[in-house]
Each structure stands twice: as structure tokens, then as C-alpha cells.
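Reader: Can we go through this one together? I'd like to start with the packing.

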Amino acid sequence: MITRLLVANRGEIARRVFATCRALGVETVAVHSDADTDAPFVAEADQAVRLPGNTPAETYLRIEALLDAARKSGADAVHPGYGFLAENADFAAAVTDAGLTWVGPPAKAIAAMGDKLAAKALLADAGVPMLPTWTAGEQVTDFPVLVKASAGGGGRGMRIVRDAAGLAEAIASARREAASAFGDGTVFIERYVERGRHVEVQIIGDRHGAVLALGERDCSIQRRHQKIVEEAPAVVAPELRERLHEAAVAAGRAVDYVGAGTVEFLLAPDGEFHFLEMNTRLQVEHPVTEAVTGLDLVRLQLLVAEGSPLPLAATPPVEGHAIEVRLCAEEPAQGFRPATGTLHRFTIPGVAGEFTPTRGLRLDSGVQDGSVIGVHYDSMLAKVTAWGRTRDEAARMLASSLARAEIHGVATNRDLLVRVLRSRQFGAFEFDTGFLDRHPELFAPLLPVAQLSVVALAAALASAAARRAAAPVLAGLPSGWRNVPAFPQVARFDGPDGEIEVRYRLDRTGALAEWSASPVAGSGTAREPAEATEAARVAPSPVVTLLEAIPEHVVLDVDGVRQVYRVHRAGSEVFVDGPYGAASLVELPRFPLPTAELAAGSLLAPLPGAVTRMHVVVGQRVAAGDPLLTLEAMKLEHPVLAPTDGVVAELPVPAGGQVETGVVLAVVNPFEETPS
């Protein structure tokens, strides 16, 4: 029997395992880096052991440090979570050799499936369908292809290549990214299937020879080859479902599989499917399987690790439909660039349960109000899963909760997820792994441009109410009222599309006598088309009546419709959540201090990282979109591109240099006229 379990992972992964342990009466041990000292998972564990350092290589990837933590804490078992060392055969063997119970498949099975090339050969002999595969660029005769890392997953080290010209660079780039993420730069090349669907089967095996399929999931909606929307069951014909389950079980039996694992397939438009890989761990998206089967997969993992037979003899029946989304700190419109900062508020409404099987809305999160989102780890903040009697019901529930969530301080993919769930194509099941590439309209913010003026007015009124509430004198004077009505109150905000100026005046009763809001000329950004910004500039202001204004919320009657705007301030940042969407504004000082001006054409580091490669030299002519340099952050490569045709004037950071957010990476002087 397992009595004290160390979870060799962090964040929501550790919290997920801890939740089942509490239900079973198993004591828990957390390990944590310095960056995670104040994280929720550390506080929830019965014991915690510090791993000095911040990066994964310094902390969560150190096998000896993890084993030492187990010895110090008196743990008798280790759960690897999912990610980090979860699919590391050496770690599994080291845990077993130390006399501890390993909650996972045997090291032999991990090794067999960890080398994706060897796994393909092994499972092909077992009759599992395969795609054409090559190990070197010169062997490829058919395009398009997908370059893939042999070790690891999560979309890292993957590149689509459509012709021979780009193959060598794609292989080199994939090798660098794979080596950084997994410590192994081995890659291979696979035939790329256009408009394929990613369907995977959850399996579990015990030490008594049983291997079962626990249903399948559709994980086709992806960004950067990483899943962001998953659902169970997959919408497939019964005959195809049976074949998928049989192939997955065959894969498990081929390696004498024990524990929870996932066999992933690519479903081609012609209805045929092909093996992609086998993940020898619990998957991030396992909550959707738990929702429709009612099983606790972590509980099954623990039972199997203790040597018990599986408590079920066949694939369980499926009830209802479940959809999960990965809520990530990133900027979808900027190529899914990871985002950092302090999460001032994190509230998901309607949650029925956390971390364990739940009917309704389930939240698995590793963050809370005040969490600092840094650059050392994956950008995922939370998984939100909805179970409904039907697929439509689950999608509607999930989209509504996300739209009403208060997520303040860090940019996220929330709006994109809501738009995907509400899209006609998602409802009609018209999607595949290339879905997001074909639908740029889904990347628009939920908040329409035309609504930004009312949002800014609400922010101004709430800020004025906060100042009035804090005023030591004349507290009874209506906020915003002036004895000389010719001079309205003025507030300026930096918003998603540049600066916006709000002017308003209240009468002696506190009623809104007049107001206007307009973009400040010359302050727009590239996030909205110029015509949209201009439309907002000239659009007539709606008729607004102020019903209530306090620091926390503002109630307005807008063209005869009562609307509530929830307002949260953190320093100069003002977060407004309203009926049409959310906006993050920064209240600008009325009398700003002078600041140094950046040189025209300066390109700034969007987040901390390291400059890994330079593609140009000073004085070189470039065209808009040409790569200037590569910045590595959060184990991913982020190309920095020329914003316009021009000449490279400065490259102040050399290759290998570390940078913080806002540091100038390059300066490109645009051509005054097209060069001959």
C-alpha cells in the first residue's frame, strides 16, 4: 500500500494528483523550485522539499535531487505527473532501484515508446497502421512533411515543410528546439496529412496482463501543434471507434503496458487512421475521459501501482459529452507568444468541482490571485472542462463561463477559445488540425471596437468613484461634478488599440450630463485594422444614463439597456468586464514625466529570453517579414521579423545575449522610397 506519495511535478498537475490522494488517505509530498515557493500546490501538500534554482534543468529534471527529496520526506512512492520526467525511462528505473513504488509504466515500456522511431517499427509489426517515415532529409521524396522530435511532445520540435527548399532549415530548427526542451535533438520526418484529425485513445493496463481502452478523445484544434481544445467522445462512426480501440490495445499489449497511457492517431479525410505516438503517462486532457466515464484515472494509476487488478473488465459506457480547453498565458494574435506578469485576479464562474471527476464545470488550475507567471515553465494557467448531456450543451456552458471569467493582469487565449466554441464550424464539427490557420477571424477580441468607448467611460467613472471614496474632505460632493460646467472631467487610458480619451460631466445630482470618448490621434496599434479604428473614432456615442458608480462596478443604461461593468484596479491598470467582453486599460497620468524616446524602427523584446541566432548584419537590406534574429523563451523559438522594407541600423544584443522584456533587439530604418 502507498502511504506517502511524492509528485515530481508542479502546478495544476501536482494539485490534480494531490486531490485524489486526499480522497484515498494518501499523504503527499511536493517538490518545488524557488520560483514556485509560494505556489498553491506547495501549500496544499502535507510536506514540501525545495529544489534550489528556477529552471527545469536546475530543479524538476534532476533525478538525484528528486530521489533525495523522497528520502528526506519519507515518501514510499513517486508519481511523475505529466511532463518533465514523466516519460523518462531512466527516472522510472531509478525510482524502482531506490526501493520506491513507481506510479507509471515500467521503464522498459517507457523506453520502447519514448524513441518514436523505434516505437513505429515495433507497433508496425503489431499491425498498427503507420505513415511513411524518413530519418534524413535526403530520403524525402514526397511533400508536405512534418519534422518531429523523437523524444518528448507537446508540439515542441515540430515543423511543417511543404517543399524541399525549406527542409534543411526546418530540421535544424526542430533539432535546436527539441534539444532545449527534452535534452535530445533527434528528429525524424513523417508524411503530413492535410486536414487530418487528431484522435487518441486512453488505455490502462495492470500487472495481471489486462489492457483496456477507456474511450477516445478528439484533440484536433491545436496551435503550434499543441492541443488547446479536446473533447470526448470523438465524433466517429461506431465501426471506426472499435478499430481505434483495438489498435490502441494492441499497442499496449506489444509493450506489456502497465498504468495509464494514450495512443494517438491521425485520422485522414478518407477515414483511414495512422499511428502518431504513444504517451506513456497520464495526458493533460484526461478530465474529458473522466467526465464521460465517471472514472478517476489517478485512482486507477495508484491501484495498479500497488499491484491491484483493474476494477473493471471492459470499456466502460460513455454518458454525455465533455469538452476541455487549455487556458494559456499567451497572445494569440502575436503568434501565440507566451505572456508573463502578475495574475491580479483569476475567477472562473460556475465551477462545480476541481481536479477530480465532475459533472458540470470542472477547473484544474495551478494559479490563484497574485500568482506570478514567469518564463521558466509552460504557459498554461488552467484547464476548464464542461460536461453536458449533449455536445452543444457542454460547448455553450464552457463558452459562457470563459466569457464571464475575470482574468486580470496577464494576456490569455480566453477570447480565442470562446470564439472557437461558439463558431458555426465547431458546432457542425467542421474542423481538423489546421482549423485555426484557416480562420483568422477567430483571433479578434470578444469586445467589439464600437463598445470600447462605453468601457472606457465605465473605467473613468469607477476611477473617479475610487478617488472620491478615498478623499479626506468633501466626501459628500458628487464625484465628477464641477462648479464650472464648461470644463469636463478628462481621463486618458492606454487600451488595446492605442490611447483613448474620455470626457464627461456630472450635474449637481450626480447624473451624467454629457460624455464622449475618442481615440487619441497617432496612438493606434497594429491589433486592429486601420478602418476599424477609424470607424470607432467617428461612430456616434450611444445615449448613456449613469445608474450607479462605485469603485468595484458601474451600472449604465446604454440606449435603453441596463448594463453592468465590473471594475478592478491594480495600480494604474484598470480591468473592466462587461456584457460584451473584457478590456485591460492603463490609466495615464494627466501630467506625464518626460521619457527617453526610442529610435524609430526599434523592435523590442516581447518577453525575457535569450538571443540564439542572428540572421542579418548591420547595414543589410531587408524586406518586411524577413527574419532578423531568433529569441528563445519558454523552450520555444520566437522569430523576430522585419516590420517593413528597410536597412538594419542596429543589432545591440549579440547571439547568446540574455534580454528582459522591452529591451531593444534591433532597429530597422525604413526606405524613404523603394530602392532600385
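Reader: Which strands does helix 9 lie across?

Author: Helix 9 (residues 286–293) lies across strand 10 (197–205), strand 11 (211–223), strand 12, strand 15, strand 21 and strand 23. It runs at about 155 degrees to strand 15. Angles run from 0 to 180 degrees between N-to-C directions, with axes fitted to C-alpha atoms, for helices over the stretch in contact. Helices (H or I, at least four residues) and strands (E, at least two) are DSSP runs numbered from the N terminus.

Reader: Where does the model come from?

Author: The model is predicted: local features need pLDDT of at least 70, side-chain atom pairs count only at pLDDT 80 or more, and totals for chains, interfaces and linings use all residues. Residues are numbered from 1 along each chain as its sequence is written, and side-chain values use heavy atoms, with hydrogens and water left out.

Reader: OK, the sheet. What's the strand order?

Author: 14-13-10-11-12-15-23-21-20, an open sheet of 9 strands with mixed pairing. Two strands pair if DSSP finds at least two bridges between them.

Reader: And which are the edge strands?

Author: Strand 14 (273–279) and strand 20 (353–354), each pairing on one side only.

Reader: How many bridges join strand 12 to strand 15?

Author: 4 bridges, and strand 12 (residues 226–232) and strand 15 (residues 321–328) run antiparallel. Alanine 232 stands opposite alanine 322 in strand 15.

Reader: Switching to helices. At what angle do the axes of helix 5 and helix 6 cross?

Author: Roughly 100 degrees, and the axes of helix 5 (residues 107–114) and helix 6 (residues 116–125) come within 5 Å. The two helices are therefore roughly perpendicular to each other, a label for angles of 65 to 115 degrees.

Reader: Which residues of helix 5 meet helix 6?

Author: Ala112, Met113 and Gly114 meet Lys116, Ala118, Ala119, Leu122 and Leu123 in helix 6. Contact means heavy atoms within 4.5 Å.

Reader: Aromatics next. How many aromatic pairs are there?

Author: 9 in the whole structure. Rings of Phe, Tyr and Trp (its six-membered ring) pair if their centres lie within 6.5 Å; planes under 30 degrees apart count as stacked, over 60 as edge-to-face and the rest as tilted. Tyrosine 60 and tyrosine 377 are edge-to-face, at 5.9 Å centre to centre and 75 degrees between the planes. They sit 317 residues apart.

Reader: Is tyrosine 60 buried or exposed?

Author: Buried, with a relative accessible area of 0%. Buried means under 20%, exposed over 50%, partly exposed in between (1.4 Å probe, protein chains only). Tyrosine 377 is buried too, at 10%.

How values were computed:
Angles under 35 degrees count as roughly parallel, over 145 as roughly antiparallel, 65 to 115 as roughly perpendicular and the rest as oblique.
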